[in-house]
Amino acid sequence: MAVLFAYSWRVVLWELKNWQNSFKFIVRSTPELLKFVGSVFYYYFGDIIETSLSAIWSIYSGIVSSAPVPELTTIILLASIVLSISEAAVPDSVNSQPTLLTFSGIIGYAAVRGFISEPFFWTLLLGIFLFARFLKKRNYVSSALPVAAVLASVGETWIRAVALISFTGLAIGHHSKHPVEGKEEAEKVMKTRKLPLPLVGTALAVAIRVAAQWAGYRHLTWMIV
């Protein structure tokens, strides 16, 4: 019996030693395995990662160095007015189409930067309105919201005025015809309202620019003192 017990204990110790050696091998091999996986990933996606990081850094540097805070603040104010008018007439008009609002914001940015021509810009806006009105079957206020927000944000002064006045009249007309429906929708979406991504991005750009100016001012003040 003692011999069997001793043999069993020897087998247990031998197995434990094998597990210990296996664990040490895994620990030693993990860094090399991670290096191999990283090299393979970088071989296939390295250029995309470098290009993306360069683009992000370029945008960030441009915001820090030359973001037009007054113009961006005006854009935020006018876009917020359009969104508020739309929400007052059709409470679910903003939440129901985040993709279209984001796409319209990208179009506006591309037009301001000169990436697209003016005729193509107007064609895209017309396409957004027709898509929302006839394919998505939305009302006129919801369909015109992305277009009005872009025109009020990045258009010339007279275009901004026309867009605000026209959209306000459209919203008033819709609300006068469907006041009960608007109240019922407002109660449903009161707790789930979200800002469109272009508006959040613009506000973030203003915050980054102001923070960079403040940090630079503080740095210069410290150097003078």
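Colleague: Where does H5 bend, and by about how many degrees?

Modeller: H5 bends at Pro146, by about 35 degrees. The bend is the angle between axes fitted to the seven residues ending at a residue and the seven starting there. A helix here is a DSSP run of H or I with at least four residues, a strand is a run of E with at least two, and both are numbered from the N terminus. This is a predicted model, where local features need pLDDT of at least 70 and side-chain atom pairs pLDDT 80 or more, while totals for chains, interfaces and linings use all residues. Residues are numbered from 1 along each chain as its sequence is written, and side-chain values use heavy atoms, with hydrogens and water left out.

Colleague: What span should the 15 residues of H5 have, and how far apart are its end C-alpha atoms?

Modeller: Take 1.5 Å times one less than the number of residues. For H5, residues 140-154, that gives 21 Å, and the end C-alpha atoms are 22 Å apart, so the two agree.

Colleague: Is H5 enclosed or open, and how many of its residues are buried?

Modeller: Buried means under 20% relative accessible area, exposed over 50%, and partly exposed in between (1.4 Å probe, protein chains only). In H5, 13 of the 15 residues are buried, so the rest of the structure largely encloses this helix. Across the whole chain of 225 residues, 26% are buried.

Colleague: Which residue has a side-chain oxygen at the start of H5?

Modeller: Asn139 does, and that oxygen comes within 3.1 Å of the backbone nitrogen of Val141.

Colleague: What about the loop before H5: what is the phi of Lys137 near?

Modeller: Most residues other than glycine have a negative phi. Lys137 goes the other way, with a positive phi near 60 degrees. Lys137 sits in the loop between H4 and H5 and is exposed, at 65% relative accessible area.

Colleague: At what angle do H3 and H4 pack?

Modeller: Axes are lines fitted to C-alpha atoms, for helices over the stretch in contact, and angles run from 0 to 180 degrees between N-to-C directions. For H3 (residues 98-113) and H4 (residues 118-135), the angle is about 170 degrees, with the axes 10 Å apart. That makes the two helices roughly antiparallel, a label for angles over 145 degrees. Contact means heavy atoms within 4.5 Å; among the residues making it are Phe103 and Ile107 of H3, and Phe121 and Phe131 of H4.

Colleague: Is Leu125 buried or exposed?

Modeller: Leu125, in helix H4, is buried, with a relative accessible area of 2%. Leaving out neighbours within four places in sequence, Leu125 contacts Val147, Val150 and Leu151. Leu125 also lies 7.4 Å from Ser104, C-alpha to C-alpha, though 21 residues separate them in sequence.

Colleague: Is Arg160 buried or exposed?

Modeller: Arg160 counts as buried, at 14% relative accessibility. Its place is in helix H6, residues 157-177. Beyond residues up to four places away, Arg160 touches several others, including Glu71, Thr74, Leu78 and Leu151.

Colleague: And Leu197, is it buried or exposed?

Modeller: Leu197 is exposed, at 59%. It belongs to H8, residues 197-224, and its C-alpha is 7.9 Å from that of Leu101, 96 residues away along the chain.

Colleague: How many helices and strands does the chain have?

Modeller: Eight helices and zero strands. Of contacts between residues at least 6 apart in sequence, 74% join residues at least 24 apart.

Conventions
A polar contact is a pair of N or O atoms within 3.5 Å; within protein, one must be able to donate a hydrogen and the other to accept it, and residues adjacent in sequence count only if both atoms are side-chain atoms. Angles under 35 degrees count as roughly parallel, over 145 as roughly antiparallel, 65 to 115 as roughly perpendicular and the rest as oblique.
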